[in-house]
Amino acid sequence: MSLITIVQESALQTTAQGGAFDPESTQQLFANTFTGDAARALAPMVSLTVGILVLLVCELFEGLKKIRPAVFLGAILASAWGCWGLWQHTPEIGAPVRVLGGTLLVSQQVGVWGMVFLAATLVAWMQARKYYRQEAPFLGEHDVLMLTAPIGMMMMAGAQDLITFFIGLELLSIPLYCLAAFRRVRNDSVEAGLKYFVLGAFGVAMFLYGAGLLYTATGTMSLPELRQVGEALESPLARTGIALMLGSLFFKASIFPFHLWVPDVYQGSPTPVTSLMATGTKAAAFAFLLEAAFLVPVSAATLIGVLAVLTLAVGNFGALMQKDLKRMLAWSGIAHAGTLLFTVAASAASDGLLSAEATQAAVLYMAAYVFTAGGAFALLSWLEADGEHHTTIDGLRGLGQRRPGMAAGMTLFLLSLGGIPATGGFIGKFFVFGAAVQADMIALSIAGILLSVVALGYYLRVVIAMWMQPAKDGQAPPMAERPWAAACVGFCAAMVVAIGVLPGFLSGSTLFP
């Protein structure tokens with residue numbers, strides 16, 4: 001059953017009553033739709049929605065503005081509690097079910113994806129404390145927009161209907177368009193927001209056009225029903241629709257050749273917003289890609305793997321040429337999207353047999369990436385307080401002697417991004433390429449691993465600049481103290497080490513009990 005089916009049923013009941021409104025039949029329809037399982041699935045999103053409403057009320061009264069951080073954190077914690085409940089909802093207690101007319105999934109993987117989204121949002125929000133200066137009076141709106149984004153991410157991850165996914169996509173995209181242009185007095189921020197909006201509109205149009213073609217070919221937009229249509233998915237019309245939908249999702253995930261917007265938008269956006277786009281948006285796109293991987297023909301799995309290798313190559317070689325650390329991390333994010341695409345290729349190549357392994361690898365990789373990239377962006381936002389020249393590679397020279405704590409944190413995050421053992425990044429890459437090898441994608445996996453080694457060329461260049469090169473004459477060291485950013489860096493560093501040294505709490509049988 002899909003959203004269309006629910007509307008049709010309601011219309012049929014009204015027609016059966018001669019066009020008259022029947023309260024009892026409507027009440028029964030809602031009782032069958034909004035069940036206990038539905039309440040459990042909606043609890044994380046409802047918690048965030050309540051937090052948004054309270055934040056808006058706080059904006060109306062000057063005395064309540066002081067409690068905004070507590071409200072934001074309370075909403076995140078309440079939502080995390082709901083996601084934890086989904087995570088621990090084991091098959092022995094109840095198998096994954098679909099609620100709200102089959103449009104939303106209740107399962108462990110939705111719960112754990114939700115935790116990843118909330119972590120990405122929390123890390124970005126911590127970076128934003130004391131980051132804005134001229135925009136400080138508008139922090140209330142900033143927090144509302146930032147709290148709206150994970151609602152869209154959760155809908156995308158749990159969507160079992162293309163319309164539901166589209167609603168989630170818009171709930172994620174619209175706040176990010178606004179946040180990218182939040183520093184309205186800066187031309188680069190306004191340009192980033194406008195560029196993201198215009199290109200994002202094309203991406204959304206591709207998805208809607210593709211979904212329309214798929215519906216025309218199959219007669220349904222429900223993922224469970226699409227699994228059963230058989231040969232209808234092999235028609236030229238259906239495959240054209242699937243290709244357009246994949247193009248839209250590849251845009252959100254910054255996959256080659258839909259990646260060119262990333263460096264300019266990431267560099268122009270406020271750094272906390274860049275952190276959320278680089279981590280949360282990527283995670284949400286891949287959460288749905290893995291759920292809908294059955295739409296990709298087995299014969300096209302190799303093509304997906306080739307796109308993963310090309311994305312890795314473009315991202316890594318693009319990053320090698322950058323002198324600005326923020327832009328370098330943008331190109332690096334493209335390469336990491338290429339690595340994650342191997343999980344989709346593995347799931348498609350195995351015709352769904354490796355779906356669980358691919359999803360587990362993607363969740364673990366994104367959990368590590370949220371804290372690794374989030375920590376790196378947190379340090380960048382901290383350095384920006386003393387001037388943006390500190391975010392260039394030349395500006396970081398001698399940082400190890402002047403601010404050894406900051407240099408040590410950046411070194412840890414860069415080594416994790418490069419996949420050095422004993423870090424979260426290594427564990428994530430191990431699981432992703434392991435899933436690809438299980439799918440017999442040996443040659444593509446080897447190419448991906450070799451291209452991942454290329455990344456060390458630009459990561460270690462930054463490490464060398466911080467520890468082995470003297471600072472430029474007359475360049476003042478970064479002196480700003482930002483407790484929230486420091487706490488964010490410490491939290492991310494602890495999680496990167498924990499995932500790298502003790503991956504058992506996120507891997508193996510404990511991920512999806």
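What follows is a chat about how features of this predicted model get their labels.

Biologist: Before we start, what are the ground rules for this predicted model?

Modeller: Being predicted, it has pLDDT limits: local features need at least 70, side-chain atom pairs count only at 80 or more, and totals for chains, interfaces and linings use all residues. Numbering starts from 1 along each chain as its sequence is written, and side-chain values use heavy atoms, with hydrogens and water left out.

Biologist: Fine. How many helices and strands are there in the protein chain?

Modeller: There are 20 helices and 2 strands, where a helix is a DSSP run of H or I with at least four residues, a strand is a run of E with at least two, and numbering goes from the N terminus. Buried residues make up 57% of the 513 in the chain; buried means under 20% relative accessible area, exposed over 50%, and partly exposed in between, with a 1.4 Å probe and protein chains only.

Biologist: And which helix holds K252, and what makes that lysine an odd case of a buried residue with no salt bridge?

Modeller: K252 sits in helix α10, residues 236-253. A salt bridge needs a side-chain nitrogen of Lys or Arg within 4 Å of a carboxyl oxygen of Asp or Glu. For K252 the nearest side chain of opposite charge, E170, is 6.8 Å away, so no salt bridge is called. Lys and Arg count as positive here and Asp and Glu as negative, while His and the chain ends are not counted.

Biologist: So what does the K252 side chain have a polar contact with?

Modeller: With the side chain of S173, at 2.9 Å. The label calls for N or O atoms within 3.5 Å; within protein, one must be able to donate a hydrogen and the other to accept it, and residues adjacent in sequence count only if both atoms are side-chain atoms. Beyond four places in sequence, K252 is in contact (heavy atoms within 4.5 Å) with L169, S173, Y177, Y196, W261, T281 and A285.

Biologist: Why is the D264 and K195 pair called a salt bridge?

Modeller: The N to O distance between those side chains is 3.0 Å, which is inside the salt-bridge limit, so the label holds. D264 lies in helix α11 (residues 262-268) and K195 in helix α8 (residues 187-218), so the pair ties together parts that are 69 residues apart in sequence. D264 is partly exposed at 31% relative accessible area, and K195 is partly exposed at 25%. Both also belong to a salt-bridge network with E191 and R327.

Biologist: How do you know that E291 and R227 meet in a salt bridge?

Modeller: Their N to O distance is 3.8 Å, so this pair passes too. E291 is in helix α12 (residues 271-291) and R227 in the loop between α9 (223-226) and α10, so they tie together parts 64 residues apart in sequence. E291 counts as buried at 11%, whereas R227 is partly exposed at 41%.

Biologist: How many salt bridges does the whole structure have?

Modeller: The search finds 8. One of the pairs is D188 with R186, at 2.9 Å, N to O.

Biologist: What makes the nonpolar surface patch?

Modeller: V57, L60, F61, L64 and I67 make it, with about 450 Å². Patch residues must have over 30% relative accessible area and no salt bridge; nonpolar side chains (Val, Leu, Ile, Met, Phe, Trp, Tyr) are joined within 5 Å, and like charges within 9 Å. L64, in the loop between α3 (36-60) and α4 (68-87), has 32%, so it meets the area requirement.

Biologist: What is unusual about the peptide bond from F256 to P257, and about phi of K130?

Modeller: Most residues other than glycine have a negative phi, and most peptide bonds are trans. The F256 to P257 bond is cis, with omega near 5°, and P257 is in the loop between α10 and α11. K130 has a positive phi, near 65°; its place is the loop between α5 (108-128) and α6 (139-158). With a relative accessible area of 68%, K130 is called exposed.

Biologist: And what is phi of A422?

Modeller: Near 75°, a positive value. A422 is in the loop between α17 (404-417) and α18 (424-438), and at 47% relative accessibility A422 counts as partly exposed.

Key. Accessible areas come from the Shrake-Rupley method with a 1.4 Å probe; for residues, only the protein chains shown count as cover.
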